[in-house]
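Biologist: I'm a first-year student, and I'd like a close look at one part of this protein: its buried interior and the helices that pack there. Could you walk me through it slowly?

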Amino acid sequence: MAESEGPSYIDYDTFLDPDFSPTAFANSLVIATNNPSDTPIDLSTPLSRVLFDIQEIDTHIHTLTTQSAIPLLTHTKAQADAGQRIVTEVEAQVANLTDGYQRLEREVIQRYEEANQVRIAVERLWETVRIGRAVARCLTLGRQLETQMAEVTGAAGGSSSAKKEDHRAMVRASKTLLTVRHLLSASGPNEEGEHLSKVNLITYLQNSILTPSETALRNRAQQIIREFSMSSLASSATAPTTYDQSEETKSRTTSALLTLQLLNPRLLVAALQTYLRASLTSSLASVGRALNSLPTLDRTLLEVSARCQNIVALERLLGSTKPSQHPQSRSNDQAEEQSRTLLEPLLAALDTSSLPSFFWRSLAEGLGPRVADLVTKGGVVARALKSQRERLKDSIRECVLRGSQSPGDNTRKAGAWEREAAVMVGSVMGPLGR
């Protein structure tokens, strides 16, 4: 551009150099227009040079802009028109985008908000329905439990005439009670019993029906086990006298055993242990009194045999009774339970292999010190015991062998229960001496 306008004395290369320094350029002008020996430095000459250069550059710019005004304006107008067209197109796209967003907001966002409110309402309704169904199920089971308890006590139907108690209803009532308990215990998130504890009606159901029914079932089952008697050797108010009564006693006791096993297996073992302890305590006390009065010994030993026969019958009944299926037990647990009997936990708790053997050995263990005490005191009782040593030996042996038989079974196996008989005889004969 400088060449087309003619030569110029301005060195444009110096000013366009990337390393150009205004300070160095001004210093070079001062040195070029002054002598190093001059004391006053002339700054007017270099300043005029700079001003002339600026004026020259300004004139050159003015010339160029004047000559190129029309092309510059044309180019600027073209750029402005192009920009306006772009803005117009962009504004149209923005308007379409705005319309689309507004339509999307109307058709999606607003509908989503409405649908979300509906969803919340439906979830709350569903939760209410779930609670209502669970409450209804609890009330239905509670009513069923009431009916079954009425059958247990013989008050079903509301009739004024007394009805026979249905002991089988105890097992059904226990299963119903366990089902309700399981429903109430399933109180975790999204479980059937969630929020049931907050319902007043359920609290009333627990206090007025569930807890009293469980207590009544437990007490009734424990009472039946305490009163269990199958032997006819000694007179007893609860001992059966006919085959039908015997079968009814077995059936009633089985229902009591299964009831306790369902409610709490530990309660069953505890009730059976209580029965055995009661038999041992009463036998030990009665034999101790009979040794002080030998004329009553035969009757006492007969009663002891009867108690042991009851234990034999109980052992057979436990050995033939499978655990009742728990309402909420899994298939694997059911198969394991069905392979066992109710006798095994009791034998494990007593650490024995046989209930009659446990009875005789425990009785012998408690009887030895009593006989030793009688011998130590001396007197008529001690002399009578020593003088009738052989009779005592035979009577005690006969008591053990007779008591180890099943009720109603008069056959004796050779060699059976000889060890228990020897232990019992030894507990009495040992303190008496030879």
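Modeller: Let's begin with Cys308, which counts as buried because its relative accessibility is 0%, and the cut-off for buried is under 20%. Keep in mind that this is a predicted model. Cys138 is also buried, again with a relative accessibility of 0%.

What is the closest cysteine sulfur to that of Cys308? It belongs to Cys399, at a distance of 7.9 Å, and that is too far for a bond. A disulfide is a covalent bond between the sulfur atoms of two cysteines. The rule used here asks for two cysteine sulfurs within 2.5 Å, and by this rule the count for the model comes to 0 disulfides.

Now for the nonpolar interior. The largest nonpolar core holds 81 residues, and those with the most contacts inside it are Ile225, Leu291, Leu318, Leu355, Trp360 and Leu392. Helix α8, residues 265-292, is the greatest contributor to this core, giving 11 residues.

Leu355 is a good residue to click on. Leaving aside residues up to four places away in sequence, its contacts include Leu276, Ile311, Leu318 and Leu343, and Glu315 touches it too.

Two of those names, Leu276 and Ile311, come up again where α8 meets helix α9. Helix α9 covers residues 297-319, and it packs against α8 at an angle of about 165°, with the two axes 9 Å apart. The pair is therefore roughly antiparallel, since angles over 145 degrees count that way. Their crossing is left-handed. On the α8 side, the contact is made by residues including Leu272, Tyr275, Leu276, Ser279 and Leu291; on the α9 side, Leu297, Val304, Arg307, Ile311 and Leu318 are among them.

Leu392, from the list of core residues with the most contacts, takes us to another pair of helices. Helix α14 (residues 389-403) packs against helix α15 (residues 418-432) at about 150°, with axes 9 Å apart. These helices are therefore also roughly antiparallel to each other, but α14 passes α15 in a right-handed crossing. Leu392, Ile396 and Val400 are among the α14 residues at this contact, together with Arg389 and Lys393. From α15, the partners include Glu418, Ala421, Met424, Val428 and Leu432.

For contrast with the buried cysteines, finish at Thr45 in helix α3, residues 44-67. Thr45 is partly exposed, with a relative accessible area of 38%.

Technical notes:
Residues numbered from 1 in each chain as written. Predicted model: local features only at pLDDT ≥ 70, side-chain atom pairs only at ≥ 80, totals over all residues. Heavy atoms only, no water. Core = buried A, V, L, I, M, F, W, Y, C linked by side-chain atoms within 4.5 Å. Buried < 20%, exposed > 50% of the residue type's maximum accessible area, 1.4 Å probe, protein only. Helix = DSSP H or I, 4+ residues; strand = E, 2+ residues; numbered from the N terminus. Contact = heavy atoms within 4.5 Å. Axes fitted to C-alpha atoms, helices over the stretch in contact; angles between N-to-C directions. Parallel < 35°, antiparallel > 145°, perpendicular 65-115°, else oblique. Left-handed = near helix turned anticlockwise from the far one by under 90°.
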